[in-house]
Structure formats: structure tokens, C-alpha cells
Amino acid sequence: MSDRRSALRLLTALAGSAAVFRPLHAAAADPWQIVKLNGRDYVTTGSIHKFYRFSSIDVSQKYVAFKSPNLVMTAYVNSQTLVINKIKFITSFPVIRHEGKVLISRTDLSKLIDPILRPSYIQSPSSFDTVVVDAGHGGHDPGARGRFGNEASYTLDTALQLKQALEKHKLKVHLTRSRDTFIPLSGRVEIANRFPKAIFVSVHFNSGQSQAQGIETFALTPQGSSSTMSGQRRSDYSEFRGNRRDSENIALATAVHASAIHRLKVPDRGVKRARWTVLTGLKLPGILFEGGFVTNASEAAQINTSTYRKQIASAMAEGIRNFRKALS
């Protein structure tokens, strides 16, 4: 299978049928301009433009936009926001300006940008025929409490519907729980790691202030960088078992998140990073998906309907299929 077709399948959901990314053939020569600042390696945006052979690059005081006929990637200066074909990502480090050049961290290049733009170049990817679907919370842990119900009930129903959707596409599915029972986080990881040819998807719903809304998806934080919502911690420098699948983790998160945003037409809170226990100990690629806020009046009403939860499950299943095709 060609690299072009492989990446095309993964990123189809990034912009729907109107603007599908057709991957660029990377330049043969090594164009990288490395800048070392405060003990961290950065690459110039000019290097990225050259290596991936974008058609053009637009540099302003506030952003840098890389453009090709079917792809626009925008990085915002002094920000951790990166947007690829209207899908939002939170980078590990802010984009900075130094001596007239705009710089992106080498970590974000290798752990975020390259696996998304060139999924077929991921080294030794895991082929999989099984999806371990984890319904968050359960039993004495109801999770987030909303106006109409609690998170544990919604995650279980969504997981069951996701199982049905995936089985229609000839994928095997194992549920960490199939009823209202409590399973420790470490127990969920132990269950997932029993399956050598699998991926892991943990299903959750969010809570926050009443105005908070939208979908966000988490992949494991790369070693040496901080999680999106945690700030700097000593654990930032630890390597966890799940980091061995960093490239697959972010590619899976991208595929599932983009499919959900495109199909459900909900606010995009971004693909983010976290060191959740259910991600750190995995031997297999895995993500944690937050399907909306039970504390937001309008989203809670939607989440409370079986029809909407089925739509979420269908979108997630399509993203998983895109990921699988990209790596096959």
C-alpha cells in the first residue's frame, strides 16, 4: 500500500470530504535547522516547510500557516495551539520567535506533527484485530454527575454501542466492564495488556463549569514534556511503558477525535496530553476520549439520549477504522 493512500485514510476525517490531506513526499536531503534554547531543541518553521514540501508558508507576527492544496497547518506564536485542517491540537511546548525565526519544539515535530502527517512512517506499528473498550467509572464510582444522569451509566451504554459498531466491521471487541461494576484503574490496564494485537479506548464524559462544552481526546504525554492541564511535574522526565507507543497513540487520538468533531459538529476542545493511569501502563496504543460535558445543559440533554450516544459510538468506530487502515 502506498504511503499516500495510507495517510489519506487516517486523515480523511480531518476535514471531511471537501479537503482531504494528500501527504507530501518529504525532501530527500536533511533540511533541519536545529536551534538550542534553554536546554531544548527547536526546529525552524522554514525547515518544516522544506522537509514536507508544503506549497507555501505564510508567516505573520501571530502565526505561521503551512499550506498545500488539501492541507492547512497553522501554528500560533507564543501559544500551544496547533490547528491542522480545522482540528485543534495542544502542543507540548509553545511555538516561539527567536532572532527573527519562528521555532517549533523538536518534541512536537517528532511526537505530534510527523506521526499525523506521515502515519505510514511510524516504525514497527502494532497490527490489531481487537479493540479493548473501557467504560469509565462504574459501581460505587458514578463519575461526573449531571442534570439527567451520571457519567458511569453513559460510558457503559456508549461502550456497548461502540462494541456493536466495531463488530459490524469485523473487529473483535473486549469490554473492561459490561455492567455497573467498579474496576480499579490498574485493573483496566491489566485487562488491556492481556491482548497482544489490540488497541485501547477509554470512554468518558466530562464535568466542569456550566458553560464548558465540547469533545477532547487525550494521548499519553511524551517523556520530557508536561501534560496539558497539569503544569510542570517531576514525572515529566519519567518514561512510562505507554510511551513506547507515542506515535501510534497520537495517530489514534487524531483519527478518533477528528471523526467525532467532523460527524457530531460539536466544539473542538482539542487533542491533548495527559498521564492518566489507564494510559501510562499500557503495552498497546491507547487513548482516553471525553464525549462532552454532563454539566452543560445543552450537551447533557444530548448525552442523555441513546440516539446521540450511538452517534458518538459510530463516529469513534469510524475513526478507529481510519487508524487501522492507515497502518495496515
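## The four-stranded sheet

In what order do the four strands of the open sheet stand? In this predicted model, the order is β1-β2-β9-β8, and the pairing is antiparallel. As background, the strands of a sheet pair through backbone hydrogen bonds, and they may do so in a parallel or an antiparallel way. The edges of this sheet are formed by β1 (34-37) and β8 (96-98), each of which has a single partner strand, so one side of each is left without a neighbour in the sheet. Direction ignored, neighbouring strands of the sheet are turned against each other by 45° on average.

At one of these edges, β8 pairs with strand β9 (residues 101-105) in the antiparallel sense, and three bridges join the two. Within this pair, Arg97 stands opposite Val102, a residue of β9. Helix α3 (residues 106-117) packs on the sheet, where the helix touches β1, β2 (40-44) and β9, and the direction of α3 makes about 55° with that of β9.

## A hairpin of two strands

Strand β3 (residues 56-59) and strand β4 (residues 63-68) also run antiparallel, and four bridges join them. The connection between β3 and β4 is a hairpin that passes through three residues. Across this pair, Ile57 stands opposite Phe66, which belongs to β4.

## The largest pocket

A probe the size of a water molecule, rolled over the atoms, shows where empty space is left. The largest pocket holds about 310 Å³ of space. Its lining is made of 15 residues, and the closest to the centre of the pocket are Asp114, Tyr121, Ile122, Gln123 and Ser247.

Which elements give two or more residues to this lining? They are α3 and α6 (246-264), and α3, the helix that also packs on the four-stranded sheet, gives the most, with four residues. Sorted by type, the lining of the largest pocket has three nonpolar, five polar and seven charged residues.

## Enclosed cavities

The structure also holds two cavities of 30 Å³ or more. The second largest cavity has a volume of about 30 Å³, and the residues that line this cavity are Ala219, Leu220, Gly242, Asn249, Leu279, Leu282, Leu284 and Gly286. How many of the residues in this lining are nonpolar, polar or charged? Five are nonpolar and three are polar, while no charged residue takes part in the lining of the second largest cavity.

## Confidence in the model

The protein has an average pLDDT of 91, and 91% of the residues score at least 70. Two stretches with low values should nevertheless be read separately from that average. Over residues 1-10 the pLDDT stays under 50, and for this stretch the model has 30 contacts beyond four places in sequence. Residues 15-25 likewise have a pLDDT below 50, and in the model this stretch has 29 contacts beyond near neighbours in sequence.

Terms used:
Residues are numbered from 1 along each chain as its sequence is written. This is a predicted model: local features need pLDDT of at least 70, side-chain atom pairs count only at pLDDT 80 or more; totals for chains, interfaces and linings use all residues. Side-chain values use heavy atoms; hydrogens and water are left out. Two strands pair if DSSP finds at least two bridges between them. On a 1 Å grid over the protein atoms alone, a cavity is a set of points where a 1.4 Å probe fits but cannot get out, and a pocket is an open set with protein on both sides within 12 Å along at least five of seven lines; lining residues have an atom within 4 Å of a point. Grid points are joined across faces, edges and corners, and a volume is the space filled by probe spheres set on the points. Ala, Val, Leu, Ile, Met, Phe, Trp, Tyr, Cys and Pro count as nonpolar, Asp, Glu, Lys and Arg as charged, and the others, Gly among them, as polar. pLDDT is the predictor's confidence in each residue, from 0 to 100. Contact means heavy atoms within 4.5 Å. Axes are lines fitted to C-alpha atoms, for helices over the stretch in contact, and angles run from 0 to 180 degrees between N-to-C directions.
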